[in-house]
Amino acid sequence: SFTSSRLTDGGCIFAGENSTLEVSNCNFTGCWSADSGSAILANHSRVMIEDSIFVDDVTDESGGAVALFSSTGSILRSSFSYCKADRHGGAISIDNSTLVMSDVDLEQNEAADTGGGLHAASQS
């Protein structure tokens, strides 16, 4: 579990170019990032998230909990509650990425600009 983690890029986890990240049965609570993705920020990588919980995660940019840039990902059997982004995607933001979601709950998430729960941009 990750609680109250704070960092500029990806408050808890940063997945950089050509990396593969698998997250299973994890809780992310109260994470913060000045840039995008307070819990997970992926850039040119592959991300698989399953059976995980994201609560009260906040970013000053996009993707209150998860942000994918030029990445591929899947989110299965997970929940996002009370996450917030000062720009796009209160819970999840994807840009020029592919994301498959199944059995995902988005509840009470908020974004200042677009996509309270989910924001998809460019060729997403």
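**Group meeting: stacked rings and salt bridges**

Phenylalanine 54 and phenylalanine 80 are both buried. I'd like to begin with these two residues, and please keep in mind throughout that this is a predicted model.

So, the aromatic side chains. How many aromatic pairs does the structure hold? There are 2. In one of them, phenylalanine 28 faces phenylalanine 54: the ring centres are 4.8 Å apart and the planes meet at 5°, so this pair is stacked. If you trace the chain, you'll find phenylalanine 28 in strand 5, residues 27-29, and phenylalanine 54 in strand 9, residues 53-55, so the pair ties together parts that are 26 residues apart in sequence. Phenylalanine 28 is buried, as is phenylalanine 54.

Now turn to phenylalanine 54 and phenylalanine 80, which form a stacked aromatic pair with 4.4 Å from centre to centre and 5° between the planes. Here strand 9 holds phenylalanine 54 while strand 12, residues 72-81, holds phenylalanine 80, so parts 26 residues apart in sequence are tied together by this pair. Put the three rings together and you have one aromatic cluster made of Phe28, Phe54 and Phe80.

Let me stay with phenylalanine 28 for a moment. What does it contact, once we leave aside neighbours within four places in sequence? The list is Phe2, Cys12, Ile13, Val23, Ala39, Ile40, Ile53, Phe54, Val55 and Asp57.

That takes us to the nonpolar core. The largest one has 25 residues, and those that touch the most other members are Phe28, Ile40, Phe54, Val66 and Phe80. Which strands each supply at least two residues of this core? You can pick them out on the model: strand 3 (13-15), strand 4 (20-24), strand 7 (40-43), strand 8 (46-50), strand 11 (66-69), strand 12, strand 14 (92-95) and strand 15 (98-107).

A quick word on cysteines. Two to look at are cysteine 12, which counts as buried at 18% relative accessibility, and cysteine 31, which counts as buried at 1%. A disulfide is a covalent bond between the sulfur atoms of two cysteines. The count of disulfides in this model is 0.

On to charge. Side chains of opposite charge can pair when their charged atoms come close. How many salt bridges does the count come to? It comes to 3.

Take arginine 77 to start. Its salt bridge with glutamate 50 has the closest N and O atoms 3.5 Å apart. Arginine 77 sits in strand 12 and glutamate 50 in strand 8, so this pair ties together parts that are 27 residues apart in sequence. Are these two residues buried or partly exposed? Arginine 77 counts as partly exposed at 40% relative accessibility, and glutamate 50 is partly exposed with a relative accessible area of 30%.

Arginine 77 also forms a salt bridge with aspartate 51, where the closest N and O atoms are 2.9 Å apart. Aspartate 51 belongs to the loop between strand 8 and strand 9, and arginine 77 to strand 12, so the pair ties together parts that are 26 residues apart in sequence. Aspartate 51 counts as partly exposed, at 28% relative accessibility.

Next is arginine 87, which forms a salt bridge with glutamate 61 at 3.3 Å between the closest N and O atoms. This pair links distant parts of the chain, 26 residues apart: arginine 87 is in the loop between strand 13 (84-85) and strand 14, and glutamate 61 is in the loop between strand 10 (58-59) and strand 11. Both ends are partly exposed, with a relative accessible area of 37% for arginine 87 and 26% for glutamate 61. As for sharing partners, salt bridges join Glu50, Asp51 and Arg77 into one network.

Before I finish, have a look at serine 78, in strand 12. Serine 78 is buried, with a relative accessible area of 3%. Where does its side chain reach? It comes to the backbone nitrogen of aspartate 51, at 3.4 Å. Not counting residues up to four places away in sequence, serine 78 touches Ile49, Glu50, Asp51, Ser52, Asp103, Val104 and Asp105. Two of those names, Glu50 and Asp51, should sound familiar from the network with Arg77.

That's my tour, and I'm happy to take questions.

Definitions and conventions:
Residues numbered from 1 in each chain as written. Predicted model: local features only at pLDDT ≥ 70, side-chain atom pairs only at ≥ 80, totals over all residues. Heavy atoms only, no water. Phe/Tyr/Trp six-rings, centres within 6.5 Å; stacked < 30°, edge-to-face > 60°. Helix = DSSP H or I, 4+ residues; strand = E, 2+ residues; numbered from the N terminus. Buried < 20%, exposed > 50% of the residue type's maximum accessible area, 1.4 Å probe, protein only. Core = buried A, V, L, I, M, F, W, Y, C linked by side-chain atoms within 4.5 Å. Contact = heavy atoms within 4.5 Å. Disulfide = S-S within 2.5 Å. Salt bridge = Lys/Arg side-chain N within 4 Å of Asp/Glu carboxyl O. Polar contact = N/O pair within 3.5 Å; in protein donor to acceptor, adjacent residues only side chain to side chain.
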